[in-house]
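Here is a short note for a colleague opening this structure for the first time. The points below go from helix pairs to single residues and then to the whole chain.

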Amino acid sequence: AGARVAPALEEGSIRVSGPRNPRSPLLLRYIERLSELAGYASAVLILVSMLIVCYGVLLRYVFGASTVWQLELSTYFLMFSAFVGGAYGLKHGDHVNLSLIVDRLPEKPRLYVQLVASVLGFVFVVTVAAIAYVLWRETTQEGMTSGTAWNVPLTYPYLIVPLGMTLIALQYLVIVVQIFQRIKTGDHPANEGEDLEGGRTQ
């Protein structure tokens, strides 16, 4: 009683690796920091997109003018936030999580279910990243543009999906390593109802 909970547990996450854990391999710590950075960058771009839209509305209805870049750029920024920010959401367990049945399992079977789910998620995002990379390379080689008034080269927006999927895949690797360490060491969550993917089950 009265013992202080570790910082990672205070945030509602069970993390056997991560920036605050000296046992974590350096590479995994860098991946988690990269996921954090992606989340912050996504938040900034959402704010910038809102300001761009407000600027466009002000320009049109107050000054009677328009731009060729406002709608397109804000769309690309929101795409970046959705795909690249996914790694941050995965790290903190903010993705959709159906755990009604899994939560009723004993500790060890629950870890194995989480392991299988994480491996399947990793395979899926790697597949999407590979396909998206091929499309990006073809678009870049052919010099394709958006065909709009701004006519931006599509090599930039087409890079968003493979970049985002790569970051999510790396974060899945961190989660898989965490689960393996939990299975190996037999660590148990300090608070009942917490899961390994950074979130808290209800």
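1. Start with α5 and α6, which cross in a left-handed sense. This is a predicted model, so read every value here as computed from predicted coordinates. The axes of α5 and α6 lie 8 Å apart, and the packing angle is about 160°. An angle over 145 degrees counts as roughly antiparallel. The pair α5 and α6 is therefore roughly antiparallel. The contact of α5 with α6 has 24 nonpolar residues, four polar and three charged.

2. Next, take α3 with α6. Helix α3 covers residues 70-84. The axes of α3 and α6 come within 8 Å and cross at roughly 20°. Angles under 35 degrees count as roughly parallel. So α3 and α6 are roughly parallel to each other. Their crossing is right-handed. On the α3 side, the contact uses Y76, M79, F80, F83 and V84. On the α6 side, it uses I160, V161, L163, G164, M165, L167 and I168. By class, the contact of α3 with α6 has 11 nonpolar residues, one polar and no charged.

3. The third pair is α2 with α6. Helix α2 spans residues 26-63, and helix α6 spans residues 160-185. The two pack at an angle of about 135°, with axes 10 Å apart. How are α2 and α6 oriented to each other? They are oblique, because 135° falls in none of the ranges for roughly parallel, roughly perpendicular or roughly antiparallel. The crossing of α2 past α6 is left-handed. From α2, the residues that meet α6 are L28, I31, E32, L34, S35 and A38. Their partners in α6 are L167, L170, Q171, V174, V177 and Q178. Eight residues of the contact of α2 with α6 are nonpolar, three are polar and one is charged.

4. Look now at A38, which sits in helix α2. Is A38 buried or exposed? Its relative accessibility is 6%, so A38 counts as buried. Beyond four places in sequence, A38 touches V84, G85 and L167. The C-alpha atoms of A38 and V84 are 6.1 Å apart, with their positions 46 residues apart in sequence. V84 also belongs to the α3 side of the contact with α6. L167 is on the α6 side of that contact, and L167 is among the α6 residues that meet α2.

5. L73 is worth a stop too. L73 lies in helix α3. Which residues does L73 contact, leaving aside neighbours within four places in sequence? They are I52 and W150. L73 and P157 are 84 residues apart in sequence. In space, their C-alpha atoms are 9.6 Å apart.

6. T139 lies in helix α5. T139 has 4% relative accessibility, so T139 counts as buried. Not counting residues up to four places away in sequence, T139 touches M144, L154, T155 and Y158.

7. Check the backbone at N151. N151 has a positive phi of about 55°, although N151 is not a glycine. Where is N151? N151 is placed in the loop between α5, residues 107-142, and α6. N151 counts as partly exposed, because its relative accessibility is 36%. The residue just before, W150, is one of the contacts of L73.

8. Now the whole chain. The chain has six helices and zero strands. Along the sequence, the pattern reads α-α-α-α-α-α. Of the 202 residues, 39% count as buried. The accessible surface comes to about 12,000 Å². Carbon and sulfur atoms account for 67% of that surface.

9. Last, consider sequence separation. Take the contacts in the chain with a separation of 6 or more. Residues 24 or more positions apart make up 70% of them. The pair A38 and V84 is one example, in contact and 46 residues apart in sequence.

Technical notes
Residues are numbered from 1 along each chain as its sequence is written. This is a predicted model: local features need pLDDT of at least 70, side-chain atom pairs count only at pLDDT 80 or more; totals for chains, interfaces and linings use all residues. Side-chain values use heavy atoms; hydrogens and water are left out. Axes are lines fitted to C-alpha atoms, for helices over the stretch in contact, and angles run from 0 to 180 degrees between N-to-C directions. Helices (H or I, at least four residues) and strands (E, at least two) are DSSP runs, numbered from the N terminus. A crossing is left-handed if the near helix is turned anticlockwise from the far one by less than a right angle, and right-handed if clockwise. Contact means heavy atoms within 4.5 Å. Ala, Val, Leu, Ile, Met, Phe, Trp, Tyr, Cys and Pro count as nonpolar, Asp, Glu, Lys and Arg as charged, and the others, Gly among them, as polar. Buried means under 20% relative accessible area, exposed over 50%, partly exposed in between (1.4 Å probe, protein chains only). Accessible areas come from the Shrake-Rupley method with a 1.4 Å probe; for residues, only the protein chains shown count as cover. Angles under 35 degrees count as roughly parallel, over 145 as roughly antiparallel, 65 to 115 as roughly perpendicular and the rest as oblique.
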